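Good morning. Please have the sequence and the model open, and I will go through them piece by piece.

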Amino acid sequence: MQLLTTDICGYEYHPDGVCAYQIRFDLIDGVVRNAEIRGGCDGGHQGLSHMVEGRTPEEIIGICKKVGCHDGNSCPKQLALALDECLGKIAAYQQKEASI
């Protein structure tokens, strides 16, 4: 993860147990921008990428974490996990910076 400021985060995630092999997005001023999902169903990933554009991570997590495809797992669920992981790392970074 590369944190440029507390307002901008470029993030890359490698999903597990789904056809997609990479999820990448920018988190800018609290909303998702430039989401890309590589591997698997191109049309589905393009649609998902467009649907999350401009939404908050919390909104996307709430929607996508419930989507199942392969044994309860799915690319949308992996996107939710990626966003949750990113938010956790940002919070840890901000806490560390605040203690300095």
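I begin with one residue, Asp26. Asp26 sits in strand β3, which covers residues 22–28. Keep in mind that this is a predicted model.

Is Asp26 buried or exposed? Its relative accessible area is 14%. Buried means under 20%, so Asp26 counts as buried. The strand around it is mostly covered too, with 5 of the 7 residues of β3 buried.

Now look at the side chain. Which side chains does Asp26 reach with polar contacts? One is Arg24, at 2.7 Å. Another is Asn34, and that polar contact is 2.8 Å. If we leave out residues up to four places away in sequence, Asp26 touches Cys9, Gly10, Val31, Val32, Arg33 and Asn34.

Those names make sense once the neighbouring strands are in view. Strand β2, residues 8–13, pairs with β3 in the antiparallel sense, over 6 bridges. In that pairing, Gly10 has Asp26 as its bridge partner. Strand β4, residues 31–38, also runs antiparallel to β3, and 6 bridges join the two. Here the bridge partner of Asp26 is Arg33. Asp26 therefore has a bridge partner in β2, namely Gly10, and one in β4, namely Arg33.

Follow the chain from β3 into β4 and you come to a hairpin, with 2 residues between the strands. In the turn, Asp29 has a positive phi of about 50°.

Next, the helices. Leu48 is found in helix α1, which spans residues 42–52. At 11% relative accessibility, Leu48 counts as buried. What does Leu48 touch, again leaving out residues up to four places away in sequence? The list is Ile37, Cys64, Pro76 and Leu79. Ile37 lies 11 residues from Leu48 along the chain, and their C-alpha atoms are separated by 8.4 Å. Ile37 falls within the residues of β4, whereas Pro76 and Leu79 fall within those of helix α3.

Helix α3 runs from residue 75 to residue 98, which makes 24 residues. From first C-alpha to last it reaches 34 Å, close to the 34 Å expected at 1.5 Å a residue. At its N-terminal end, Ser74 acts as a cap: a side-chain oxygen of Ser74 lies 3.0 Å from the backbone nitrogen of Lys77.

Which residues of α3 are buried? They are Cys75, Pro76, Gln78, Leu79, Ala80, Ala82, Leu83, Cys86 and Ile90. When you read that list, one general point helps. An α-helix has 3.6 residues a turn, so residues three or four places apart point the same way. Look for that spacing in Leu79, Leu83, Cys86 and Ile90, which are among the buried residues of α3.

Last, the whole chain. It has 3 helices and 4 strands, and from the N terminus on the order is β-β-β-β-α-α-α. For 100 residues, a compact globule would have a radius of gyration near 13 Å, and the chain, at 13 Å, agrees with that. Along the principal axes, its C-alpha atoms fill a box of roughly 45 × 25 × 20 Å.

Of the 100 residues, 34% count as buried. The accessible surface comes to about 5900 Å², and carbon and sulfur atoms account for 51% of that. Among contacts with a separation of 6 or more, 38% are between residues 24 or more positions apart.

Conventions:
Residues are numbered from 1 along each chain as its sequence is written. This is a predicted model: local features need pLDDT of at least 70, side-chain atom pairs count only at pLDDT 80 or more; totals for chains, interfaces and linings use all residues. Side-chain values use heavy atoms; hydrogens and water are left out. The expected span of a helix is 1.5 Å times one less than its number of residues. Buried means under 20% relative accessible area, exposed over 50%, partly exposed in between (1.4 Å probe, protein chains only). A polar contact is a pair of N or O atoms within 3.5 Å; within protein, one must be able to donate a hydrogen and the other to accept it, and residues adjacent in sequence count only if both atoms are side-chain atoms. Contact means heavy atoms within 4.5 Å. The radius of gyration is taken over C-alpha atoms; the globule rule is 2.2 Å times the number of residues to the power 0.38. Accessible areas come from the Shrake-Rupley method with a 1.4 Å probe; for residues, only the protein chains shown count as cover. Two strands pair if DSSP finds at least two bridges between them.
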